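Please open the model in a viewer with both the sequence panel and the selection tool at hand. The stops below follow one another as a series of selections.

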Amino acid sequence: MSTPDAIAAHMPESHAYSDAKKPASRLIYWSIVREFWESPSIYAAPLAVAAVALLGYLVAAIFLPGHQPTRVMTRHHNPLSEVYEIVTVVVMMTVVFLQVLYSLDALYGERRERSILFWKSLPVSDGTTVLAKAFIPMIFLPLYGLLVTIVAQFGVLLIATVVVLFTGGSVAMLWGQSLMLTPDLLLGYHLLTVHTLWYAPIYCWILFVSAWSKRSPFVWVVFPPLAIYGVERLLFGTTLFADMLQSRFMGSSHATAGEGMTNMGMGTHPTPVAFLANPSLWLGLLVAAALLYGAARLRRYHEPI
Amino acid sequence: MACIEARGLRKTYGKKVALDGVNLRVEEGRIVGLIGPNGAGKSTALYTMLGLTPYEGELRVLGRNPWTERNLLMRDVCFMADVAVLPRWIRVSQLIDYVAGIHPRFERAKAEAFLAKTTIQRDSKVSELSKGMVTQLHLAIVMAIDARLLVLDEPTLGLDILYRKQFYDSLLNDYFDRTRTIVVTTHQVEEVENILTDLMFIDRGRIVLDASMEQIETRYAEVAVRPEQAAAARALKPVSERTALGRSIFVFDGIDRAKLAALGEVRTPNIADLFVAIIGGQNGMAQGATR
């Protein structure tokens, strides 16, 4: 390899492709794949929770007479709606939990374990890395949660079908009453509007703190808002900041699905036009973009902890 | 074109000055040892060259500004810090897939061939490998990247002798081709002594020696002098003096060897002795006193 001929042959070639690069789509693709390798829980945990919920339903449907689909089917509404809702709630709560846990560690862990020195020795920009990391809680987890919920609901329907077959009920009636996609469409709408767009500044705030803090990012996620609330109340006797936070956390369905909905509920009448016309949405997205930009800059400046 | 060129390079952390106006020039195709005591600014100097930290002054690496063009620069530069920086959760196969996915100058076959010579399993996680194996793995990745500059920061720290020897052998035989440039910092100077083409000493943020190995050979001489001739030796203004086995050992800078031969046996000091002579004289005593 180090003979003069080899070097001579090697030289022009190396200059020819010194401008070679991978397309941006490849960089972002592999950066996202890397996140799945690092945190398998982001896809395994919702599946595991759904599996446990299904198992619980299986036991209940067989052994608890009150839950047997044949019994409850006599009523005039979807006999499985309550089970569907439970499955949805447990999967969604897992998703929210993962969004927070993942974001807390996303830009903190690599500095703590010093692997940031390795990642930064590769031709991938800080912006690409931060976008790939923001993709997980903001886009992947809500969509994946929806998918797991739908699959789990289908699992519930299958279990109910088998139980009905064995207990002598009408499968046609069960399917006619239970195979409803409207709740899932509503869930999808809720995830897109609330969990992705409306909550965007919250996830981006956590990512930002994860890029900034030198230790215990969770404390720093919670502490500054608390401090602002305290100082504001003491100095001015007002709670503007707290009200703003409350409307960010709780006002989401209000903003996306008309009046009179429960706070965290999904609502029944999507009002996308009103949602998109809400200036708070756009202000929130602006804040989210600024926080992501800040996170990328911090990653550029920070050395390992 | 110089591979690395710095003029008035400065870096401060609060009040602490890590780099205090460093001037240096590294030509392509050299193997440069950057040697200095702990806290002298070695790692900081490397970090500035790799675009990991902002700095004051002028710095060009392969003609680029490392701070503003880091991701472009990293296509042509490889970096190995001490052994702990590969992510612990990644599997060997994943690491190769990832680098192959994002690095335009990575040749998978080369990495595979190098790994085949080791006992590293493809499905092992980095956390399951020994320190020596992690370094081998990182070296396999680095050697498969057709880079123009390789920066090594204490690459063999904490490795046993066999791995350390292997590391530099592989580097020299399978990687270095006289067109690439290698910059290495290490405390184990005797290991790199025979592979370096250039030597730089850094102390308290300043470059105190910058010379090729040939220049060092002609410039510096070490003479073991019998006590009766010590006064004559001191008259020639040695850089340092120490006593060993009843003789005074002097290191001279720029004194004609023929002149020195009259005092005793003349040889070229090794890097460790030169280091003690140049840097130890200033703060070695102070360090020793605090221990």
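Select B:Arg10 first, and then B:Asp20 in β2(B), which stands opposite B:Arg10. Strands here, like helices, are DSSP runs numbered from the N terminus, with at least two residues of type E for a strand and at least four of type H or I for a helix. Two strands are taken as paired if DSSP finds at least two bridges between them. The model is a predicted one, in which local features need pLDDT of at least 70 and side-chain atom pairs count only at pLDDT 80 or more, while totals for chains, interfaces and linings use all residues. Residues are numbered from 1 along each chain as its sequence is written, with chains lettered from A and ligands numbered from 1 in the order in which they are written.

**The three-stranded sheet of chain B**

Extend the selection to residues 2-13 of chain B, which form strand β1; this strand and β2(B) pair in the antiparallel sense over 9 bridges. Two further pairs can be picked out along these strands: B:Leu9 has B:Val22 as its bridge partner in β2(B), and B:Ile4 stands opposite B:Val26. Between the strands of this hairpin there are 2 residues, and B:Gly14 takes a positive phi near 60°.

Which strand should be added next to β1(B)? Select β4(B), which runs antiparallel to β1(B) and is joined to it by 5 bridges. Here B:Glu5 has B:Arg60 of β4(B) as its bridge partner. With these strands displayed, the open sheet can be read in the order β2-β1-β4, with antiparallel pairing. Its edge strands, each pairing on one side only, are β2 (16-27) and β4 (56-61) of chain B. From one strand to the next the twist averages 15°; axes are lines fitted to C-alpha atoms, for helices over the stretch in contact, and angles run from 0 to 180 degrees between N-to-C directions.

**The six-stranded sheet of chain B**

Next, display the open sheet of chain B whose 6 strands follow the order β5-β6-β7-β3-β8-β9, with mixed pairing. Its edges are β5 (77-80) and β9 (206-212) of chain B, each of which pairs on one side only. The average twist between one strand and the next is 15°.

At one end of this order, β5(B) and strand β6 (residues 149-153) of chain B pair in the parallel sense over 4 bridges. Select B:Met80 there, and B:Leu152 of β6(B) will be found opposite B:Met80. Helix α1 (residues 42-49) of chain B packs on the sheet, touching β3 (31-35), β6, β7 (181-185) and β8 (198-203) of chain B, and its direction makes about 150° with that of β6(B). Contact between two residues requires their C-beta atoms, placed from the backbone, to lie within 7 Å.

**Two positive phi values in loops**

Move to the loop between α6 (161-175) and β7 of chain B and select B:Arg178. This residue has a positive phi of about 70° although it is not a glycine. B:Arg178 counts as partly exposed because it has 13 C-beta neighbours inside 10 Å. A residue is buried with 20 or more other C-beta atoms within 10 Å of its own, exposed with 12 or fewer, and partly exposed in between, C-beta atoms being placed from the backbone.

Is B:Leu245, in the loop between β11 (240-244) and β12 (247-253) of chain B, buried or exposed? With 6 C-beta neighbours inside 10 Å, B:Leu245 counts as exposed. Its phi is also positive, near 50°, in a residue other than glycine.

**Chain A and its contact with chain B**

Now select chain A, which has 16 helices and 0 strands. Of its 305 residues, 36% count as buried.

The contact between the chains takes 28 residues from chain A and 30 residues from chain B. On the side of chain A that touches chain B, α1 (4-16), α2 (24-38) and α7 (116-119) of chain A each supply at least two residues. The largest share, 6 residues, comes from α2(A).

End at helix α12 (residues 217-236) of chain A, where the count of buried residues among its 20 residues is 2. Select A:Phe223 to find a kink of about 25°, shortly before the proline A:Pro224; the bend is the angle between axes fitted to the seven residues ending at a residue and the seven starting there. After α12(A) comes A:Gly237, with a positive phi near 70°.
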